[in-house]
Amino acid sequence: MITATAFFGDKERPFTLSDDMVAELEAKTETGIGTLFQRLTAHAFRLADLAEVIRLGLIGGGTSPEEADRLVSTYARNRPIAEVLPLATAILAARWLGADEVQADG
């Protein structure tokens, strides 16, 4: 699996966008993965995109859906964009660029 690892919430966590999670991300954001990656890197994203990337990355990394939703609600929503954008971008970049075990800043 292509995984980004970052401190999120209270510890280091793995974030993985498997094929199933990419399909879900595309459905939730109504956007193809390529366009979504472009939007994040160009800072032309929707705010909800960031939370979905993080939530689905957590689920793909082994966090239960309920726990992922709780973590995102607590640590990603209603937070400064500058805190969550680097993580969401790193999660997508790990899948996009094929770097295994990317250490995300943030």
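These are my notebook entries on a predicted model of one protein chain.

**Entry 1: the overall layout**

I began by listing the secondary structure, and I found 5 helices and 3 strands in the protein chain. Reading from the N terminus, I wrote the order down as β-β-α-α-α-α-α-β. Next I looked up the radius of gyration, which is 12 Å, close to the 13 Å that the globule rule gives for 106 residues, so the chain is as compact as a globular protein of that length. I also noted the box that the C-alpha atoms fill, roughly 30 × 30 × 25 Å along the principal axes.

**Entry 2: inside, outside and charges**

How much of the chain is buried? I noted that buried residues make up 43% of the 106 residues. For the outside, I found an accessible surface of about 5,500 Å², with 52% of this surface belonging to carbon and sulfur atoms. Then I turned to contacts between residues at least 6 apart in sequence, and 63% of these join residues at least 24 apart. Last, I looked up the charges: there are 10 positive and 16 negative ones, and their mean positions lie 5 Å apart.

**Entry 3: helix α3**

My next stop was helix α3, which covers residues 47–60. I compared its reach with what is expected at 1.5 Å a residue: its 14 residues reach 21 Å from the first C-alpha to the last, close to the expected 20 Å. Why do I call α3 largely enclosed by the rest of the structure? I do because 11 of its 14 residues are buried. I copied out some of them, including D49, E52 and R55, as well as L50, V53 and I54. Which elements cover these buried residues? My list includes the strands β1 (3–8) and β2 (11–16), together with the helices α1, α2 (33–41), α4 (65–75) and α5. Just after α3, I came to G62, which takes a positive phi of about 110 degrees.

**Entry 4: D20 and its distance to α3**

I picked D20, which sits in helix α1 (residues 19–29). Is D20 buried or exposed? Its relative accessibility is 61%, and exposed means over 50%, so D20 counts as exposed. I then checked D20 against L56, one of the buried residues of α3. D20 and L56 are 36 residues apart in sequence, and their C-alpha atoms are 9.6 Å apart in space.

**Entry 5: helix α5**

I tried the length check again on helix α5 (residues 81–97). At 1.5 Å a residue its 17 residues should span 24 Å, and the end C-alpha atoms are 23 Å apart, which agrees. The buried residues I noted in α5 are V84, L85, L87, A88, A90, I91, L92, A93 and A94. Just after α5 comes G98, and I wrote down its positive phi of about 80 degrees.

**Entry 6: two residues with positive phi**

I reminded myself that most residues other than glycine have a negative phi. That made me want to look at H43, which is not a glycine and has a positive phi near 60 degrees. I found H43 in the loop between α2 and α3, where it is exposed with a relative accessible area of 58%. N78 is also not a glycine, and its phi is positive at about 60 degrees. Where is N78? I found N78 in the loop between α4 and α5, exposed with a relative accessible area of 79%.

Methods: Residues are numbered from 1 along each chain as its sequence is written. This is a predicted model: local features need pLDDT of at least 70, side-chain atom pairs count only at pLDDT 80 or more; totals for chains, interfaces and linings use all residues. Side-chain values use heavy atoms; hydrogens and water are left out. Helices (H or I, at least four residues) and strands (E, at least two) are DSSP runs, numbered from the N terminus. The radius of gyration is taken over C-alpha atoms; the globule rule is 2.2 Å times the number of residues to the power 0.38. Buried means under 20% relative accessible area, exposed over 50%, partly exposed in between (1.4 Å probe, protein chains only). Contact means heavy atoms within 4.5 Å. Accessible areas come from the Shrake-Rupley method with a 1.4 Å probe; for residues, only the protein chains shown count as cover. Lys and Arg count as positive and Asp and Glu as negative; His and the chain ends are not counted. The place of a charge is taken as NZ of Lys, CZ of Arg, CG of Asp or CD of Glu. The expected span of a helix is 1.5 Å times one less than its number of residues.
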